[in-house]
Amino acid sequence: MRSRLSTERPRVMGVVNVTVDSFSDGGRYLGFDAALAHARRLIADGADILDLGAESTRPGAAPVAAEVEIDRLLPLIVALRAKSAIPISVDTMKPEVARAAIAAGATMWNDVTALRHAPESAAVAAELGCDIVLMHMQGEPGTMQAEPYYEDVVAEVVAFLEERAELAIWAGVARERIWLDPGIGFGKHPIRHNLPLLAGLDRIVALGFPVLLGASRKRFIGMLDGDADEEHRLGGSIAAALAGAAAGVAAVRVHDVRETVQALTVWHAIRSG
Ligand code: HH2
């Protein structure tokens with residue numbers, strides 16, 4: 001699913017949280033049985049990829065030790081692998097967690113720090129040979145929303161992603177394994193920074209790597225819609241996914257898989273005439 005033909009619709013990556021404090025699911029999927037059931041639901045709903053995460057990046061969320069992440073993720077990856085060939089992404093900043101997940105059958109490392117968390121991250125990505133998502137974030141998860149500042153948010157995110165991709169390639173990551181992600185909501189003002197980024201996605205796509213967009217249920221949607229809470233952001237999430245599709249993103253990371261697949265299928269059918 002990596003090399004999307006321009007005639008295809010974006011792939012849909014379904015979010016599976018195995019955490020206690022994820023901002024959008026409120027920890028509903030903590031626990032193996034619930035996470036597995038949720039993952040199966042997303043596969044049935046048409047997900048092209050699953051993104052499994054065991055550490056929330058929410059501001060103020062408690063850090064999770066690598067062993068705890070591994071304990072939460074591995075049984076899930078093994079159980080999914082036993083029944084399905086769906087590509088599995090693992091949302092972790094820790095190279096040791098990525099290594100364990102890939103050994104258990106995951107196919108993609110989704111690193112919100114773009115290989116900056118540990119000195120050995122880039123070398124581990126090269127060694128694993130898996131797909132790797134390099135995401136932009138200003139600051140650290142705990143404090144990133146305190147005072148995000150940019151002169152030109154789109155230019156700065158483009159420059160950062162280009163630099164991180166170059167570094168990864170220099171460290172031995174194959175070019176065709178690299179994905180880029182603007183990091184909607186990560187060290188960004190919900191309106192002043194996220195909206196220009198969503199409007200400027202084509203400039204990230206123009207870098208020539210597949211682009212992943214994660215805008216689902218994020219705060220800018222609530223702010224644009226009179227403080228809508230996380231459970232009531234589906235319309236805005238779909239609008240953002242369609243904006244991504246129009247700009248040529250390769251995949252969207254979403255919570256509401258069925259509805260997003262439907263929206264993208266209809267969008268694609270209209271575009272294809
Ligand atoms: N957003 C979140 C987590 N991981 N990874 C990528 N590549 N892009 C994103 O936009 C992105 C991400 C959101 O944070 P989280 O606290 O994990 O909430 P949820 O997993 O419910 O979306």
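## A parallel sheet and a small-cavity lining

In strand E5, Ile132 is the bridge partner of Trp109. The model is predicted. That pair belongs to a wider match: strand E4 (residues 108-111) and strand E5 (residues 131-135) run parallel and share 4 bridges.

Strands of a sheet pair through backbone hydrogen bonds, and the pairing can be parallel or antiparallel. Here the pairing is parallel, and 8 strands make up an open sheet. Their order is E6-E5-E4-E3-E2-E1-E8-E7. Which strands sit at the edges? They are strand E6 (178-181) and strand E7 (212-213). Each of these pairs on one side only.

A helix also meets this sheet. Helix H10 (residues 257-272) packs on the sheet and touches strand E1 (11-17) and strand E8. The direction of H10 makes about 170° with that of E1.

Now for the enclosed spaces. The count is 2 cavities of 30 Å³ or more. The second largest cavity holds about 40 Å³ of space. Which elements each supply at least two residues of its lining? Helix H9 (234-247) and strand E8 (251-254) do. Strand E8 is also touched by helix H10.

The table sorts the lining of the second largest cavity by class.

| Class | Count in the lining |
|---|---|
| Nonpolar | 6 residues |
| Polar | 2 residues |
| Charged | 1 residue |

Leu213, Ala215, Ser216, Ser237, Ala240, Ala241, Val252, Arg253 and Val254 line the second largest cavity. Arg253 is the charged residue in this lining. Ser216 and Ser237 are the polar ones.

Terms used. Residues are numbered from 1 along each chain as its sequence is written. This is a predicted model: local features need pLDDT of at least 70, side-chain atom pairs count only at pLDDT 80 or more; totals for chains, interfaces and linings use all residues. Side-chain values use heavy atoms; hydrogens and water are left out. On a 1 Å grid over the protein atoms alone, a cavity is a set of points where a 1.4 Å probe fits but cannot get out, and a pocket is an open set with protein on both sides within 12 Å along at least five of seven lines; lining residues have an atom within 4 Å of a point. Grid points are joined across faces, edges and corners, and a volume is the space filled by probe spheres set on the points. Two strands pair if DSSP finds at least two bridges between them. Contact means heavy atoms within 4.5 Å. Axes are lines fitted to C-alpha atoms, for helices over the stretch in contact, and angles run from 0 to 180 degrees between N-to-C directions.
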